[in-house]
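This report describes selected features of one protein model. Please examine the sequence and the structure shown below before reading on.

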Amino acid sequence: MPEPLPATRGGHYVPQRAPLRPVPFQKLPPGAIEPRGWLARQLELQVDGLCGRYDEISDFLVYDTNGWVDPAQGAWEELPYWLRGFGDLGYVTGNTGVLTRTQRWIDGILATQAPDGWFGPERLRSSLENGPDFWPGMPLLAAFRSWYEYSGDERVVPFMTKYLQFQNRQPAEVFNRSWGAFRWGDNIDSAYWLYNRTGDQWLLDLVTKMHTGSADYTTGIPNWHNVNLAQGFREPLQYWLLDGDEKYRAATYRNYATVMGLYGQFPGGGFAGDENSRPGFGDPRQGFETCGIVELMHSCELLTRFTGDTAWTDRCEELAFNSLPASYDPQQQVMHYITCANSVQLDDRPKHGQFENGFAMQAYKYGVHQYRCCPHNYGMGWPYYAQELWLATTDNGLAASMYAASKVTARVGAGAGETVSIVQDTEYPFSDAITFTLQAGRSTRFPFYLRLPGWAHDFSVSVNSERVRARAEGGWIKLDRTWRPGDRVELVLPMRTTTRVWTDNQDSISVDRGPLTYSLAIDERYERIGGTDAWPELAVYPESPWNYGLLAGAQFDVVRRDAEPGADPFTPAGVPLALTTKARRIPEWETDTEDVVGLLQPSPARSEEPVETVTLIPMGAARLRITSFPQVSEDGEQWVRR
């Protein structure tokens, strides 16, 4: 648990106000970062696809009948989930249609606040044991905060103040009810946000009340629902920012290690949580809910800012590159509830032997009611990611925290500082070269930090084509100098093809190159099973064999592809690179009676099938995929047909 960066009460943005613990990073306001390249393409798909147009088809998002703007009506988490991602989608893309609709919702919701501070559906005041249900308000507080940071709307701070005062007047027992009991870390973050702007001491009393009254993540894991885990495991560390007792920080790291150790024993960055994480269900065919993917990304983004620990940043990238793109179809029109590391058919039938829920979860659908939470919530994934690419540092510098083509504009340097822009040109994660070009009106001294990913075995840094000697301290490369307009920094992170052995999952192996994990390229046949042209419902079936094991000690060759300019790299046709290697089929490895990929058995598996050359593509580009591979040999263990 390193402390690699200076954490002070300085910086040009909003620092932690005492007695909160200083943190190394400050979030830049929405709009400061302009996504480019493949990330801009994902956001464009989102604007034109499910998130950007979901209010056309979701009956939970009808303005005139929604309880968040008409308190006499009913409503719950769907609008808060959607608006949180939808608004930030507008801020990072500048899309005027998204911005206009966002402001309409914000205006309508702000107008519902009652004299005592409550807002939104009146029935939620007493829906939990005659007390308030605070959970669905938590995502809305995040939406208000982003709106304030983007627009400067002066209504937001007094609105949030009145609402949190309402919370502070509640008895302790209301903080330990229903979904909210396991998710108060979100509300704590909003209380800190408000305290850092107002200095109202009672907000810290409220934080203590939320922490002590809600589910206890400090002494163990209170609930195994995957989304509760993805949000809740960080709560003790958030409270540590106020209390300072090291046990709280340690609890978050322990919670994370426990969950991943028991249920995260396959690639992709997530864990087995096809509603709840369950003993005996940790095979890579188990899925991770789409809500869990984006919530775990968000937790890792917060923890990066709070701690400077690059382990969180690495995990966020792993989820973003390898799991999130496969949660929706290539056009981002439809999505599914569950994404699996090993998955060879996505149909619309329940999987009673694989998943806990009794409804079908794998076909790509708009899923207003069938999938409900996930299509409303997934939209925060890429917009939040884009806003965390760059972070301000408390020593008046900038940090390139996650890599993607982008342009950042921020204040840096001593005193009042200077406004500079840095353009990041790269095809990362599909390339190992990243170039930064400074745009400024005059020379300015400031520290510039570059993250060294955990997978990187080496790196090189050049400034204006001259190699510089730089060390990575705690995962960060610091370049502190007087920067001149036009200065160029070149960072190279050589990518090697490596394998991971998953001992707790039958000694299966996965294949990585840099931050990308690779899956077997399976020919995919899409079949429309319902919906409309604008909102198709799609099943995906395999059109090529999938039951391969990789030869022990096999070599991997990198194949570079000439994709069309602007092609989506998270599709089989658009990936700019692939790997080839040697494999044998395992005849005994079959789907079960519900067309689910069979459970892994011990490796190496016996196979006398012919050696074949197979192609692997980035995991995020493969909707059907085998990613945790058995190893095979002619004298391996005989698998049995199941």
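Which elements each supply at least two residues of the lining of the largest pocket?

## Basis of the report

The model is predicted, so local features need pLDDT of at least 70 and side-chain atom pairs count only at pLDDT 80 or more, while totals for chains, interfaces and linings use all residues. Residues are numbered from 1 along each chain as its sequence is written, and side-chain values use heavy atoms, with hydrogens and water left out.

## The largest pocket

The elements in question are β1 (25–26), α3 (78–93), α5 (137–151), α7 (184–198), α12 (290–307) and α15 (381–387). Helices (H or I, at least four residues) and strands (E, at least two) are DSSP runs, numbered from the N terminus. The largest share of this lining, 7 residues, belongs to α7.

A pocket is an open set of points on a 1 Å grid over the protein atoms alone, where a 1.4 Å probe fits, with protein on both sides within 12 Å along at least five of seven lines; lining residues have an atom within 4 Å of a point. The volume of the largest pocket, the space filled by probe spheres set on the points, is about 680 Å³. Its lining comprises 36 residues, and K27, R145, E149, W193 and R305 are the closest to its centre.

## The open sheet

An open sheet of 7 strands follows the order β2-β7-β8-β9-β15-β11-β12, with antiparallel pairing; two strands pair if DSSP finds at least two bridges between them. Its edge strands, β2 (33–35) and β12 (466–468), each pair on one side only.

Within the sheet, β9 (residues 433–439) and β15 (residues 488–492) pair in the antiparallel sense over 5 bridges. T435 stands opposite E490 in β15.
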